[in-house]
Amino acid sequence: MTRTLPTRIVVQCMVAGMLAFSIANAQLRIEITQGVARPVPMAIVPFSWEGSVGSQAPFDVSGLVATDLVQSGRFDPLDERDMVSRPTMPEDVDFDDWQILDVDVLVIGRILPAGPDQYTVIFQLYDVLRGEHLLGYRLNSSGDELRINSHRIADMIFETLTGIPGVFSTKIAYVSQEGIGDTSRYRLIIADADGANPQEVADSPDPMMSPSWSPDGRKIAYVSFEGEQSAIYVQTLRTGIRDRVSARAGINGAPVFSPDGRMLALTLSQDQGNPDIYMLDLAGQVLTRLTRNVAIDTEPAWAPDGQSIYFTSDRSGGPQIYRVETYLGADVERVTYEGSYNARARVSPDGTQLAVVHRVQSNYRIAVVDPSTGLTQVLSNGRQDESPSFAPNGAQIIYATQEGGSGVLSSVSTDGRIHRQIASVAGDVREPAWSPFPRI
Amino acid sequence: MVRQVWLLILIVAGVALGGCGGDSATVPNSTAVSVPSGDAAGVGANQNSGTSTTGIAGVGGPDGVRIVPGPDAPGLLSSLVVYFDFDQSDIQAEFNELLAAHGDYLASNSDVRVRLEGHADETGSREYNIGLGERRAQAVRRVLLLQGVASEQLNTVSFGEERPAVFGSDDDSYALNRRVELAY
């Protein structure tokens, strides 16, 4: 997405003789039509490393910040080679140098040593058009934490510029499978939102499914088939210790934490083999049944106020999304009416949208549905797209798709404009679940 | 003399019971009394009692072992899989005889248990496919119950799309994955 040199030389020539006019013109941006938002031109000057001469920076902080912001699809980075100056301190910033280059936003910064394996990172964010300083920040970090702190810096810049909280420092959980048949190995993995830094939290020769985060980000619920029967576990991430919370006869599936973290909604088939939605109070192990229908009722998802649960049911013939009130299991209402297959709903953080698996002819794709109107917009275009999960800022959806016969993870902005494939990881990858915002 | 006979009878009983521990229904064949191995002291005399038994081949299945359904079993019991149409869990007529054979077998061998493992093809959502697999396993279960199989003999589990029999992404592969397997 870096703009090419020849174009800018032309621009520079035009601008050289008409400096005053070009500053006025800079405020009249020509928007690219066809409904594609124009990425904001941004310059991130490589941060200085102020350690001893000849030593290397411990981590390329500004490089990762730039990658995060570019991958959001909203920013267009200036190539370093085109930079006229490379300030690292506020007093060195000359807005003319950046306005000439048609840059709207400038980021500068420094990394200083602060003790054995300790560093201080300082950065500044400027609105070039108005010549305003928007944000300045200083943080301390160990060497190990420079990666996550780079993501936090990107989050701060993103939120200052867009008003939307960034999700660069959040995590994703997913299931990875390698091998087939008797040599199959399933792993539950937690990685950074960009796919880097994968860490295995569970490992089994038998299938695992349906990872789900607790609202405080400290636990994961999942389904495991160890011992050839399904069971639901809740595992504490920090310790790796897990509780088996449901191992009833038949299906134990699709666990999801309630917004207050106290309950799981899940699928059980203990009543004569018929899958229905239940709620389990984790403290007292009290089970409440929510649906009572000979159809397959499964894949619950909580509304953010905890008052209702969306779920998949084929009671009308094929899978569609329904909503039931959590109080007494009252008022079951159908929500999706477009298409013959809608399943596996996930609710946006503000509760106004659902992401679903929606079939178009014989292709399974991710769509967003307005639950109050049933209006459906297809966002992805694969054959076998599944398991959508909202980012905690509601701006993106991660999902599983197929690429070259192998399962991979992809994300799409909720307006459908920006597509991104998550850094590929080993094995066949599926069932991504986006973490909540970290609670500090 | 009487005491020796009683001792030998006890040894035979001990051997017979010991032989029954592992397999489900092995009938010890013997032409002579044998002493339990590993017994250094050699309890009991290694001599013939007044009674002997002789095994005859060709009765009660090969080697006198009860039939277990599977690739080596005779007739319909050699098949352990029922297939299903897309998005369906009804038993197709072509599988009626197969399930009748298994139903008969189970009804006649009430100590035998079978696990009905339900599966789905990979299209669509995973947990919904767990539901489809379960529904298929339950359909087979109901047919077997109608044949007089006791419900304690039947266990069901659904693997949804997680344990495919074949790995293609075409309709033929999908058809081979929509199945219930009878696991004895």
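## Close-up views

**View 1. Strands β18(A) and β19(A) are joined by four bridges and run antiparallel.** Helices (H or I, at least four residues) and strands (E, at least two) are runs assigned by DSSP and numbered from the N terminus. Two strands count as paired if DSSP finds at least two bridges between them. Look for A:T298, which stands opposite A:T312 in β19(A). The helix α3(B) packs on the sheet here, touching β18 and β19 of chain A, and its direction makes about 155° with that of β18(A). For such angles, axes are lines fitted to C-alpha atoms, for helices over the stretch in contact, and the angles run from 0 to 180 degrees between N-to-C directions.

Before you go on, please note that this is a predicted model: local features need pLDDT of at least 70, side-chain atom pairs count only at pLDDT 80 or more, and totals for chains, interfaces and linings use all residues. Residues are numbered from 1 along each chain as its sequence is written, while chains are lettered from A and ligands numbered from 1 in the order in which they are written.

**View 2. The open sheet β18-β19-β20-β21 of chain A has four strands with antiparallel pairing.** Its edge strands are β18 (297-302) and β21, each of which pairs on one side only. Inside the sheet, β19 (residues 308-313) and β20(A) pair in the antiparallel sense over six bridges, and A:I309 stands opposite A:V324 in β20(A). These two strands, β19(A) and β20(A), form a hairpin with six residues between them, and A:G317 in the turn has a positive phi of about 120°. On to the next pair: two bridges join β20(A) to the antiparallel strand β21 (residues 333-334), where A:R334 is the bridge partner of A:Y322.

**View 3. How enclosed is strand β20 of chain A?** This strand (residues 320-325) is largely enclosed by the rest of the structure, because five of its six residues are buried. A residue is called buried if 20 or more other C-beta atoms lie within 10 Å of its own, exposed if 12 or fewer, and partly exposed in between, with C-beta atoms placed from the backbone. For another case, find A:T352 in the loop between β22 (342-347) and β23 (354-360) of chain A. A:T352 counts as partly exposed because it has 13 C-beta neighbours inside 10 Å. A:T352 and A:G394 are 42 residues apart in sequence, yet their C-alpha atoms are 9.9 Å apart in space.

**View 4. Another open sheet of chain A has the order β14-β15-β16-β17, with four antiparallel strands.** Its edges are β14 (252-257) and β17 (286-289), and each pairs on one side only. From one strand to the next, the twist averages 25°. Strands β15 (residues 263-268) and β16 (residues 276-281) run antiparallel and are joined by six bridges. Within this pair, A:M263 stands opposite A:D281 in β16(A). Strands of a sheet pair through backbone hydrogen bonds, either parallel or antiparallel.

**View 5. The largest nonpolar core has 111 residues.** A nonpolar core is a set of buried Ala, Val, Leu, Ile, Met, Phe, Trp, Tyr and Cys residues joined through C-beta atoms within 7 Å. A:V65 and A:I157 have the most contacts inside this core. Helix α5 (residues 146-162) of chain A gives the most to the core, with six residues. Leaving out residues up to four places away in sequence, A:I157 touches A:V65, A:L69, A:V107 and A:L125. Apart from the largest core lies another, of 16 residues, including B:V82 and B:L99.

**View 6. Chain B meets chain A through 19 of its residues, which are in contact with 27 residues of chain A.** Contact here means that the C-beta atoms of two residues, placed from the backbone, lie within 7 Å. Two elements of chain B, α3 (126-146) and β3 (154-160), give two or more residues to this side. Its largest share, nine residues, comes from α3(B). By class, the side of chain B that touches chain A has six nonpolar, seven polar and six charged residues. Here Ala, Val, Leu, Ile, Met, Phe, Trp, Tyr, Cys and Pro count as nonpolar, Asp, Glu, Lys and Arg as charged, and the others, Gly among them, as polar.

**View 7. Chain B contains four helices and four strands.** Follow the chain from the N terminus and you meet its elements in the order α-β-α-β-α-β-α-β. Of the 184 residues in chain B, 29% are buried.
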